[in-house]
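Here is a friendly walk through a single chain, in the form of questions and answers. Have the viewer open as you read along.

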Amino acid sequence: MQNTAEDISNAASGHKANLSNPNTSEASKAHSKEVLDSMPDQPFYGKEDQNASKNPNQVAGGLKATLNNDSIPESGKQKAQEKLDDM
């Protein structure tokens with residue numbers, strides 16, 4: 001197994017599933033808990049590159065759609081407008 005972000009995330013997902021599975025042994029759950037406790041607390045995907053891969057035109061379009069959506073509260077619309085102004 002390589003230690004790419006995807007591999008680490010997949011391993012974490014498997015151990016989390018094991019903890020919630022009623023059909024696995026307590027020893028297996030204890031091992032999964034140890035492995036998860038030894039993993040870093042930060043997310044495995046994209047925290048730094050998350051915005052680098054986004055298309056600015058699509059982001060702007062989503063923010064504009066938020067401004068026109070009646071089901072979005074005013075506070076959400078204000079945040080969207082601020083982000084749009086910062087672009």
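Q: What distance does helix α3 reach from its first C-alpha to its last?
A: This is a predicted model, so the span is computed from predicted coordinates. Helix α3 covers residues 56-68, which is 13 residues. At 1.5 Å a residue, a span of 18 Å is expected, and the helix comes close to that. From first C-alpha to last, α3 reaches 19 Å.

Q: Which residue caps the N-terminal end of α3?
A: Look for a side-chain oxygen that lies 2.9 Å from the backbone nitrogen of Asn-57. The residue that supplies this oxygen, and so caps α3, falls within the 3.5 Å cut-off for a polar contact. The cap is Asn-55.

Q: How many helices does the chain have?
A: Reading from the N terminus, the elements run α-α-α-α. The count of strands is zero. The number of helices is four.

Q: Which element of the chain has the highest mean pLDDT?
A: For the chain, the mean pLDDT is 84, and 83% of the residues reach 70 or more. Among the elements, helix α1 (residues 5-20) has the lowest mean, at 86. The highest mean, 93, belongs to α4.

Q: Which residue forms a salt bridge with Asp-37?
A: Side chains of opposite charge can pair when their charged atoms come close. A search of the whole structure finds one salt bridge, and its closest N and O atoms are 3.4 Å apart, so the pair meets the 4 Å cut-off. The partner of Asp-37 is Lys-33.

Q: Where do Asp-37 and Lys-33 both lie?
A: The two residues are four apart in sequence, about one turn of the helix that holds them. An α-helix has 3.6 residues a turn, so residues three or four places apart point the same way. Asp-37 counts as exposed because its relative accessible area of 55% is over 50%, while Lys-33 is partly exposed at 46%. Both residues lie in helix α2.

Q: Why does Lys-77 have no salt bridge with Glu-74, the nearest side chain of opposite charge?
A: Lys-77 sits in helix α4 (residues 74-86) and is buried. A salt bridge needs a nitrogen and a carboxyl oxygen within 4 Å, so Glu-74 does not qualify. The distance to Glu-74 is 4.2 Å.

Q: Which residue offers the backbone oxygen that the side chain of Lys-77 reaches?
A: Leaving out residues up to four places away in sequence, Lys-77 touches Thr-66, Leu-67, Asn-69, Asp-70 and Ile-72. The side chain of Lys-77 reaches a backbone oxygen at 3.3 Å, and one of the residues touched supplies that oxygen. The residue is Asn-69.

Q: Is Asn-18 buried or exposed?
A: Asn-18 has its place in helix α1. Setting aside neighbours within four places in sequence, Asn-18 is in contact with Thr-24, Ser-28, Lys-29 and Ser-32. The relative accessible area of Asn-18 is 11%, and because this is under 20%, Asn-18 counts as buried.

Q: What distance separates the C-alpha atoms of Ala-30 and Leu-19?
A: Ala-30 lies in helix α2 (residues 26-38) and is partly exposed, at 37% relative accessibility. Asn-18 is twelve residues from Ala-30 along the chain, with 9.8 Å between their C-alpha atoms. Leu-19 is eleven residues from Ala-30 in sequence, and their C-alpha distance is 8.3 Å.

Q: What is the C-alpha separation of Glu-82 and Leu-63?
A: Glu-82 is found in helix α4 and counts as exposed, at 51% relative accessibility. Along the chain, Glu-82 and Leu-63 are 19 residues apart. Their C-alpha atoms are separated by 9.6 Å.

Notes. Residues are numbered from 1 along each chain as its sequence is written. This is a predicted model: local features need pLDDT of at least 70, side-chain atom pairs count only at pLDDT 80 or more; totals for chains, interfaces and linings use all residues. Side-chain values use heavy atoms; hydrogens and water are left out. Buried means under 20% relative accessible area, exposed over 50%, partly exposed in between (1.4 Å probe, protein chains only). Lys and Arg count as positive and Asp and Glu as negative; His and the chain ends are not counted. A polar contact is a pair of N or O atoms within 3.5 Å; within protein, one must be able to donate a hydrogen and the other to accept it, and residues adjacent in sequence count only if both atoms are side-chain atoms. Contact means heavy atoms within 4.5 Å. The expected span of a helix is 1.5 Å times one less than its number of residues. pLDDT is the predictor's confidence in each residue, from 0 to 100.
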